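Colleague: I am new to reading protein models, and I would like to learn how to look at one step by step. Could you show me the structure and walk me through some features?

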Amino acid sequence: MKETPLSNCEKRFLLRAIEERKRLDGRQSYDYRNVRVSFGTDYGCCVVELGKTRVLGQVSCELVAPKPNRATEGILFFNLELSPMASPAFELGRQSELLVKLNRLLERCLRNSKCIDTESLCVVAGEKVWQIRVDLHLLNHDGNIIDAASIAAIVALCHFRRPDISVQGEEITVYTPEERDPVPLSIHHMPICVSFAFFKQGTYLLVDPSEREERVMDGLLVIAMNKHHEICTIQSSGGIMLLKDQVLRCSKITGVKVAEITELIQKALENDRKVRKEGGKCGFAESIPNQKITAFKMERAPVDANDVEEQAEEIIMKADPPLDVFAKPILWTPGTAQIGEGVENSWGELEESERGEEEDDDNDPDTLEDPKMEMEDVSIVSKTKKDDTIVLSDSEEEEVVILKPEKVPKKTRTPTSSKQENSSKKVSNKKRKKKRVSY
Amino acid sequence: MAASGLSAEVDVGQVVLPGDVLLLPAAPNADGERLRLGPSSAPRGRLLCGPGLRRCAAGLLVTKCGLLRHRPPAGAGTGGGAYWVDSQQKRYVPVKGDPIIGIVTAKAGDIFKVDVGGSEQASLSYLAFEGATKRNRPNVQVGDLVYGQFIVANKDMEPEMVCIDSSGRANGMGIIGHEGLLFKVSLGLIRKLLAPNCEIIQELGQLYPFEIVLGMNGRIWVKAKTVQQTLIVANILEACEHMTSEQRKQALAKLSES
């Protein structure tokens with residue numbers, strides 16, 4: 001799909017508004033949009049939202065052979081992708097100028113500034129080093145991709161944990177996350193890009209341009225800085241002439257903005273660390289809010305309350321007396337217990353071992369996995385003890401089982417009985433599933 | 001699910017999904033609100049099948065997901081009124097007769113190519129303006145906004161639009177002025193704003209005087225006296241989508257104080 005062209009009317013209005021120091025969304029000239037950082041369940045996965053611009057960052061690592069002329073350094077690889085999901089102007093597969101420019105800028109900002117200690121990524125000099133790969137995907141384009149992408153990259157790198165390794169002579173052992181806690185990367189500083197858009201040959205300046213402002217701007221200045229006020233990268237594009245004091249002013253503004261954003265990032269990382277330590281739920285499902293159009297709408301469902309008492313009395317009369325409640329559990333083996341006896345099964349004759357399984361199945365469905373597995377092991381063991389020949393497959397296939405359709409106790413047509421039939425069907429489905437598991 | 005249709009009653013005002021078949025009542029009820037399961041028979045009077053619904057053998061086939069709406073017949077007794085599905089969408093599909101705001105992208109001899117937000121650009125002949133003749137061409141530049149309606153819009157052909165009505169008069173259509181702001185909203189909001197006696201427009205009108213043009217393709221053009229007022233009106237209209245009427249009244253009250 002082609003991008004919507006910008007009409008003359010919009011262009012004129014935007015320039016007029018900028019002359020009067022007004023922006024479309026009500027910000028001031030030096031204001032940033034809201035930055036939101038949310039993390040996924042994996043280490044190294046994050047989504048950064050700068051207003052409506054969204055970037056997804058994912059960091060992964062791999063053990064590879066190092067480059068021959070840098071035998072003791074790890075390898076860093078950055079990749080930003082623009083997909084048609086972000087904007088109809090982007091075509092998949094085509095290397096557009098914008099994509100090349102953004103990728104180059106990101107590389108200069110993150111690689112040349114040496115924010116990550118590549119020496120610490122070396123495992124065996126000359127043979128094995130870590131290759132860290134940062135993949136950034138633009139999910140929505142509403143202006144200022146480079147800022148959002150640089151924040152996403154550095155947040156993902158700070159959040160990422162690589163597997164722990166130990167080297168003994170020639171042997172390298174890579175531990176899984178269960179064996180040893182994964183190790184964070186060693187990051188010296190956090191460079192963040194800040195963009196400035198210039199209008200009317202450099203007369204007016206806006207920080208964090210939105211998509212429409214980007215379309216009418218004359219030129220763009222990007223400054224990458226860390227919180228220690230060290231400039232990592234400066235790039236000016238669009239061919240505008242900038243004065244010395246303009247650039248100095250921009251760098252001062254950058255210092256202030258970077259300090260704010262770095263603080264926000266630290267807070268987000270800290271929150272995520274706390275949540276993970278406490279074992280709470282983390283991940284996108286928790287942190288990204290639901291955006292619903294009908295968020296305010298509440299349906300009032302009418303409830304027919306006529307004749308409720310008569311209906312209730314009918315149901316109670318026709319219902320069975322409640323079953324005796326067995327409060328005491330019977331302990332079969334350590335770790336396996338049975339509470340109650342369950343309902344009568346309607347499947348007809350079955351073998352003893354399967355019946356034993358079923359009775360346990362009819363217990364409350366919230367039993368843990370381990371007792372169930374133990375129970376199945378016990379049943380298989382008991383089978384082999386009884387039979388002379390070892391039965392390797394499920395008995396269903398070897399013997400013919402004739403199912404006698406037993407009478408279901410109730411065949412009344414009140415609504416409650418259908419519920420009971422459904423529940424018995426559910427229970428029988430559960431039984432079927434359990435049989436298959438016990439292969 | 002039964003092969004023939006829904007096995008439950010579907011009330012007007014409930015959510016329906018594409019593929020649902022709505023069977024029409026054999027005998028219309030007093031209020032005509034319910035569509036019941038039952039052997040279908042030809043409804044009495046003319047039943048209007050609106051957007052999101054299609055006639056099929058059994059009754060009405062739902063093609064869009066949304067809320068089912070019904071308008072009782074205007075006359076007394078006969079007629080089944082109109083049924084349609086209120087759905088939410090941002091992507092516009094050209095429909096014949098819709099008034100829309102387009103952006104002129106190219107001039108190609110006798111016609112202008114206009115972007116209307118659909119999959120193809122619409123064509124607009126230079127003679128389709130009020131008072132335009134071969135000698136007296138309209139002053140349309142690339143990048144101008146035009147307000148017109150579709151005369152041809154189907155999925156197999158490039159849509160065509162004109163800026164005059166059937167009697168040759170402009171009737172409000174034509175080139176939109178050079179000031180003002182254009183922005184995009186969802187199609188559902190446009191339909192809400194175009195409804196007769198829309199509260200939002202009336203309340204905003206009490207705040208500041210402004211000109212507004214609503215295009216069914218989701219585009220709105222607004223112009224007020226100052227840039228600040230135009231921006232306020234534009235932001236309120238965009239936010240109206242997600243605000244309830246109380247929140248909107250509060251926001252407007254705050255604005256009228258300051």
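Modeller: Happily! Let's start with a term: a polar contact is a pair of N or O atoms within 3.5 Å, and within protein one must be able to donate a hydrogen and the other to accept it. Keep in mind that this is a predicted model.

Colleague: How many residue pairs are in polar contact across the interface of chain A and chain B?

Modeller: The rule finds five such residue pairs there, counting those with both residues at pLDDT 80 or more. On the side of chain A that touches chain B, helix α1 of chain A, residues 8-19, gives the most, with seven residues. Sorted by type, the residues on this side of chain A are eight nonpolar, three polar and ten charged.

Colleague: What is a usual way to give the size of an interface?

Modeller: People often quote the accessible area that is lost when the parts come together. For chain A and chain B, the buried area is about 2,200 Å², and carbon and sulfur atoms give 61% of it. The contact draws on 21 residues from chain A and 30 residues from chain B.

Colleague: Now for charges. Which residue of chain B forms a salt bridge with Arg16(A)?

Modeller: The general idea is that side chains of opposite charge can pair when their charged atoms come close. Here the partner of Arg16(A) is Glu179(B), with the closest N and O atoms 2.8 Å apart. Across this interface the rule finds one salt bridge, while the count over all chains comes to 24. The pair runs from helix α1 of chain A, which holds Arg16(A), to the loop between β15 and β16 of chain B, where Glu179(B) sits.

Colleague: Let's turn to strands. Which way do β10(B) and β13(B) run, parallel or antiparallel?

Modeller: A useful idea first: in a regular strand the side chains alternate between the two faces of the sheet. In chain B, strands β10 (residues 99-108) and β13 (residues 145-152) run antiparallel and are joined by five bridges. Ile101(B) has Tyr147(B) as its bridge partner in β13(B). Tyr147(B) also has a bridge partner in β15(B), namely Gly174(B), and β13(B) and β15(B) pair in the antiparallel sense over two bridges. Three bridges join β13(B) to β14(B), residues 160-162, again antiparallel, with Phe150(B) opposite Met161(B).

Colleague: And in chain A, which residue in the hairpin of β15(A) and β16(A) takes a positive phi?

Modeller: That is Gly335(A), with a phi near 105°, in a hairpin that has two residues between the strands. The strands, residues 330-333 and 336-338, run antiparallel and are joined by three bridges. Leu331(A) stands opposite Ala337(A) there.

Colleague: Where does UniProt place a domain in chain A?

Modeller: An unreviewed UniProt entry lists "domain: Exoribonuclease phosphorolytic" for residues 32-163 and 189-253 of chain A. Over residues 189-253, the chain is 25% helix and 40% strand, with the end C-alpha atoms 19 Å apart.

Technical notes
Residues are numbered from 1 along each chain as its sequence is written. Chains are lettered from A and ligands numbered from 1 in the order in which they are written. This is a predicted model: local features need pLDDT of at least 70, side-chain atom pairs count only at pLDDT 80 or more; totals for chains, interfaces and linings use all residues. Side-chain values use heavy atoms; hydrogens and water are left out. Contact means heavy atoms within 4.5 Å. Buried area is the accessible area (1.4 Å probe) that two parts lose on being put together, summed over both. A salt bridge is a side-chain nitrogen of Lys or Arg within 4 Å of a carboxyl oxygen of Asp or Glu. A polar contact is a pair of N or O atoms within 3.5 Å; within protein, one must be able to donate a hydrogen and the other to accept it, and residues adjacent in sequence count only if both atoms are side-chain atoms. Helices (H or I, at least four residues) and strands (E, at least two) are DSSP runs, numbered from the N terminus. Ala, Val, Leu, Ile, Met, Phe, Trp, Tyr, Cys and Pro count as nonpolar, Asp, Glu, Lys and Arg as charged, and the others, Gly among them, as polar. UniProt positions are given in the numbering used here, feature names are shortened, and annotations may be inferred rather than shown by experiment. Two strands pair if DSSP finds at least two bridges between them.
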